[in-house]
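Trainee: Hi, do you have a few minutes to go through a model with me?
Mentor: Sure, put it up and ask away.

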Amino acid sequence: MTLDPAALQVLIARLTGIATEMGAVLGRSAFSPNIKERHDHSAALFTAEGELLVQAEHIPVHLGSMPASVAAAIDRFGPGTAGWEALAGGDQVVLNDPFRGGTHLNDITLVAPCVVDGRLVGWAANRAHHADVGGAAPGSMPAEATEIYAEGLRLPPVRLTDEVRAVLLANSRTPDERAGDLDAQVGANRRGVARLAELSDAPFAAVLEHGERRMRAALSEMPDGTWRFADVVDSFGPAPDQQVETHVRVAVTVEGDSITFDLSDSDPQRPGNVNAVEAVTVSAAVYALRCALDPTMPANGGALRPVRVVTRPGTIVAASEPAAVGAGNVEVSQRVADICLGALALARPGRLGAASQGTMNNLLIGGRRAADATEAQRPWVYYETVAGGQGGRVHGPGMSGVHTAMTNTKNTPIEALERAFPLRVRRLTLRRGSGGAGLHAGGDGVERDLEVLAPAVVSLITERRRSAPWGHEGGAAGATGENWLLPRGDEGAAQPLPDKVTVVVDAGDVVRLRTPGGGGWGPPA
């Protein structure tokens, strides 16, 4: 069945609306500030075969990697398997295993089938970052992790039964919050399934074919050739022997109406947590391609058909188990996006800007309000990524104090943060002058002082503390970031912290982050 262009756009809009509604249900009904306030969640719809049909404009690193999770769920519980009957009856699949479709353990994915009159119509899926799933430190991304076992509970694709739910909650420092966030995810998928059922006779194939046509047409306008780009990850852990750069490399080849991203020459995976699984790498490459070609291009499985991502198992961009992967999802994804954008900028001069801050500046803090942990003094865990500078753009300066590339979250409002946690924001301002100089300057990072009001454990997972966000077309690099600990808030006693570290702090201590600025575009006037 074919559709005229107007009818096709109506169908795409309706499907996109369903995914957006799923995200709204999840965000509004979640318990944790990380999901409710920062919107660290994503939603998408898939065809019966598991091909990405449509996604909402949520988190790039979630959405580009979610097809791998859905594929793992279908492989285990799809039609013809022993578990299909229970799933068709209303059960949902839950998973977070990075080596079976996930990204890192905090990102829990739920997948639900849409069955109408015994016929599988498609799948609804959502992913949300849970602030704590166990592991060696609050927040489940300990800087010292060398294997995934230190990062928390690992779930292969399983049905979300009461027993599985109990296991998940028992492994989190904040079980009540996890329960509320899981309920929100279940509700979001139920809404998506119900809405998708209303379109059970729609020609989904036409949506995918439209995406493929758009991508092939855009690729056909690019010159044939191969362009290479490389960058570094500053370190793979806090120990002195881990403060070593790791190289990430890509060769982008365009042939007619197809494109290949070859990252197989990247360095081997490291005994630290800066290892990305292949699904994360694919996600970053696809994100960069949409930026370079047309951000309005449909983000569906059809558009991915002309795109090939090549990796080598056992590398930092295609880690093999049991590698620790917490920072791979949040930091290596940023670097993969950087190098793919860098290579595409060479292929399309004058179209792409300079490098943005290139890090999510992950801050994780947790503890107890009091040693006896009474009902009013339960354990707490706070997680946030901190904004920085966008790279200078072709037609203007980069934006300041924004989340860039593979993250698309908001900040936690100060009022919500201070209400939910024993924390106080002492200072929050733009880091003036941190953007790189250029015809169009890079955006500025931010400076934030956060006072801890109770004894706690702090983990920092950051990048661009040594390597700077690069300028483009003659622009200067942006400023590198800085991490500091101020015991009791004393400026005179300020201690620099490594880019990746887990430390114990006392009440009154202040954690200071000075995030990177973006690179400049074009030679300064």
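Mentor: Let's talk through cysteines, a sheet, a helix pair and one residue in a helix, keeping in mind that this is a predicted model.

Trainee: Okay, cysteines. How many disulfides does a search of the whole structure find?
Mentor: The count is 0. Take Cys 291: it is in no disulfide, and the nearest cysteine sulfur, that of Cys 340, is 11 Å away.

Trainee: Why is there no bond for Cys 340?
Mentor: Because its closest cysteine sulfur, in Cys 291, is 11 Å off, which is too far for a bond. The cut-off for a disulfide is sulfur atoms within 2.5 Å.

Trainee: And is Cys 340 buried or exposed?
Mentor: Cys 340 is buried, with a relative accessibility of 0%. Cys 291, on the other hand, is partly exposed, at 28% relative accessible area.

Trainee: Switching to the sheet: what is the strand order?
Mentor: The order is E13-E14-E19-E16-E17, an open sheet of 5 strands with antiparallel pairing.

Trainee: Which strands stand at the edges?
Mentor: Those are E13, residues 423-431, and E17, residues 495-496. Each has a single partner strand, so one side of each has no neighbour in the sheet.

Trainee: How many bridges join E13 to E14?
Mentor: There are 8 bridges, and E13 runs antiparallel to E14, which covers residues 445-452. As an example of the register, Thr 429 sits opposite Glu 447 in E14.

Trainee: Now helices. At roughly what angle do H6 and H7 cross?
Mentor: Roughly 140°, with the axes of H6 (residues 162-170) and H7 (residues 175-197) coming within 9 Å. That angle makes H6 oblique to H7.

Trainee: Left-handed or right-handed crossing?
Mentor: The crossing of H6 and H7 is right-handed. On the H6 side the contact is made by Arg 165, Leu 168 and Leu 169. H7 contributes Pro 175, Arg 178, Ala 179, Leu 182 and Asp 183.

Trainee: Last one, Val 332. Where is it found?
Mentor: Val 332 is in helix H11, residues 326-347. Val 332 counts as buried because its relative accessibility is 0%.

Trainee: What does Val 332 touch?
Mentor: Leaving out residues up to four places away in sequence, Val 332 touches Val 233, Val 274, Asn 275, Ala 276, Ile 316, Val 317 and Ala 327.

Trainee: And how far apart are Val 332 and Thr 281?
Mentor: They are 51 residues apart in sequence and 8.2 Å apart in space, C-alpha to C-alpha.

Note on methods
Residues are numbered from 1 along each chain as its sequence is written. This is a predicted model: local features need pLDDT of at least 70, side-chain atom pairs count only at pLDDT 80 or more; totals for chains, interfaces and linings use all residues. Side-chain values use heavy atoms; hydrogens and water are left out. Buried means under 20% relative accessible area, exposed over 50%, partly exposed in between (1.4 Å probe, protein chains only). Two strands pair if DSSP finds at least two bridges between them. Helices (H or I, at least four residues) and strands (E, at least two) are DSSP runs, numbered from the N terminus. Axes are lines fitted to C-alpha atoms, for helices over the stretch in contact, and angles run from 0 to 180 degrees between N-to-C directions. Angles under 35 degrees count as roughly parallel, over 145 as roughly antiparallel, 65 to 115 as roughly perpendicular and the rest as oblique. A crossing is left-handed if the near helix is turned anticlockwise from the far one by less than a right angle, and right-handed if clockwise. Contact means heavy atoms within 4.5 Å.
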